[in-house]
Amino acid sequence: MGNWKMNGRRQEAQSLLSAVVTHAASFSDVDVVVCPPYVYLGLAVERLADCPGIVCGAQDVSAHADGAYTGEVSAAMARDIGCEFAIIGHSERRTLCGETDPVVAEKFARALAADITPVLCVGETAKERDAGRTREVVLRQIDAVYAACGTRAFERAVVAYEPVWAIGTGRAASPDEAQAVHHDIRGAVAQRNPEAAAGLRILYGGSVKAQNARELFACADIDGGLIGGASLVAGDFIGICQAACFKSA
Ligand code: PGA
């Protein structure tokens with residue numbers, strides 16, 4: 001899953017999409033999601049319309065339904081233009097936009113209600129990690145969604161474990177480190193809903209590159225990646241999608 005964040009212009013969007021479409025056959029068994037900025041979502045949906053296996057996601061949705069919320073975009077609107085996924089609670093939104101656990105849970109619920117698959121981002125800061133609080137923080141973020149959405153919350157959802165200290169730093173979690181947290185996440189979901197846990201896709205995000213993707217994706221509970229910086233470089237993103245192929249083989 002590629003998260004372009006607030007980068008690029010129409011021309012870059014078009015050439016990235018063309019490159020992904022051109023190589024689609026080389027990762028045909030992998031589900032690929034591209035998340036451009038909102039203003040380029042329409043052109044992305046159109047460009048990918050005839051490309052099976054590659055769909056679009058939004059980087060965020062409003063916590064509100066339609067109405068008097070200037071500047072916001074509702075989950076229903078994102079669905080209406082063809083988004084199938086939405087990133088919810090990315091750490092940049094939690095820190096820069098002040099999104100609290102309850103707000104994130106509200107957005108998660110809005111996505112589900114609009115028939116969009118929410119991709120819930122969870123992860124600890126460097127300080128929390130150093131204090132040995134990783135598990136506690138991640139499970140608290142999961143619990144907030146359960147509190148708002150009930151025991152069926154993760155039946156149709158994706159979780160992305162993104163340690164904040166690994167995002168955009170070039171310092172990815174090691175496969176063992178990431179696997180341990182992914183295992184905890186699946187365990188927490190299994191306690192409430194074993195079936196949802198078995199089918200849950202848990203992505204790792206934070207400095208995933210073509211060079212480390214395969215090793216990360218080889219872990220039992222790492223089902224794919226949420227890719228930031230490397231999703232802006234066609235060759236890198238394509239390499240990462242190809243690295244995910246063996247998992248589905
Ligand atoms: P990165 O970002 O791949 O640039 O570390 C990941 C993300 O923020 O989703």
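In the predicted model, a backbone N or O atom of Ser-207 lies 2.7 Å from an oxygen atom of the ligand. A polar backbone atom of Gly-168 is likewise placed 2.7 Å from a ligand oxygen atom, and for a polar backbone atom of Gly-229 the distance to an oxygen atom of the ligand is 2.8 Å. Of the 280 Å² that the ligand exposes when taken alone, 97% is buried by the protein. The ligand is surrounded by 13 residues, the closest being Lys-5, His-90, Glu-162, Gly-168 and Ser-207. By residue class, this shell consists of seven polar, four nonpolar and two charged residues.

Two of these closest residues, Lys-5 and Ser-207, also have notable backbone geometry. Most residues other than glycine have a negative phi. Lys-5, although not a glycine, has a positive phi of about 55°, and Ser-207, also not a glycine, has a positive phi of about 60°. Both residues are located in loops that follow strands: Lys-5 lies between β1 and α1 (10-22), whereas Ser-207 lies between β7 (201-205) and α10 (210-217). Ser-207 counts as buried because its relative accessibility is 9%, below the 20% limit.

The strands are arranged in an open sheet of eight members, in the order β1-β2-β3-β4-β5-β6-β7-β8, with parallel pairing. The edges are occupied by β1 (2-3) and β8 (224-226); each has a single partner strand, so one side of each is left without a neighbour in the sheet. At the β1 edge, the parallel pairing of β1 with β2 comprises two bridges, and Asn-3 is positioned opposite Cys-35 of β2.

Strand β4 (residues 85-88) illustrates the arrangement further inside this order. In a regular strand the side chains alternate between the two faces of the sheet. In β4, Phe-85 and Ile-87 point one way, while Ala-86 and Ile-88 point the other way; all four are buried. On one side, β4 is joined to the parallel strand β3 (residues 54-58) by two bridges, with Ala-58 opposite Ala-86. The connection from β3 to β4 passes through helix α3 (residues 75-80), and this β-α-β crossover is right-handed. The pairing of β4 with β5 (residues 117-122) is also parallel and extends over four bridges; here Ile-88 stands opposite Leu-120.

Two further positions differ in their exposure to solvent. Tyr-38 is situated in the loop that links β2 (32-35) to α2 (41-47). With a relative accessible area of 29%, Tyr-38 is classed as partly exposed, because this value falls between the limits of 20% and 50%. Its C-alpha atom is separated by 36 Å from that of Gln-191, a residue 153 positions away along the chain. Ala-188, by contrast, belongs to helix α8 (residues 175-192) and is buried, with a relative accessible area of 9%. Between Ala-188 and Asp-143, which are 45 residues apart in sequence, the C-alpha to C-alpha distance is 8.7 Å.

Terms used. Residues are numbered from 1 along each chain as its sequence is written. This is a predicted model: local features need pLDDT of at least 70, side-chain atom pairs count only at pLDDT 80 or more; totals for chains, interfaces and linings use all residues. Side-chain values use heavy atoms; hydrogens and water are left out. Buried means under 20% relative accessible area, exposed over 50%, partly exposed in between (1.4 Å probe, protein chains only). Two strands pair if DSSP finds at least two bridges between them. A crossover is right-handed if, with the strands pointing away from the viewer, the path from the first strand over the helix to the second runs clockwise. A residue is near a molecule or strand if one of its heavy atoms lies within 4 Å of it. A polar contact is a pair of N or O atoms within 3.5 Å; within protein, one must be able to donate a hydrogen and the other to accept it, and residues adjacent in sequence count only if both atoms are side-chain atoms. Accessible areas come from the Shrake-Rupley method with a 1.4 Å probe; for residues, only the protein chains shown count as cover. Ala, Val, Leu, Ile, Met, Phe, Trp, Tyr, Cys and Pro count as nonpolar, Asp, Glu, Lys and Arg as charged, and the others, Gly among them, as polar.
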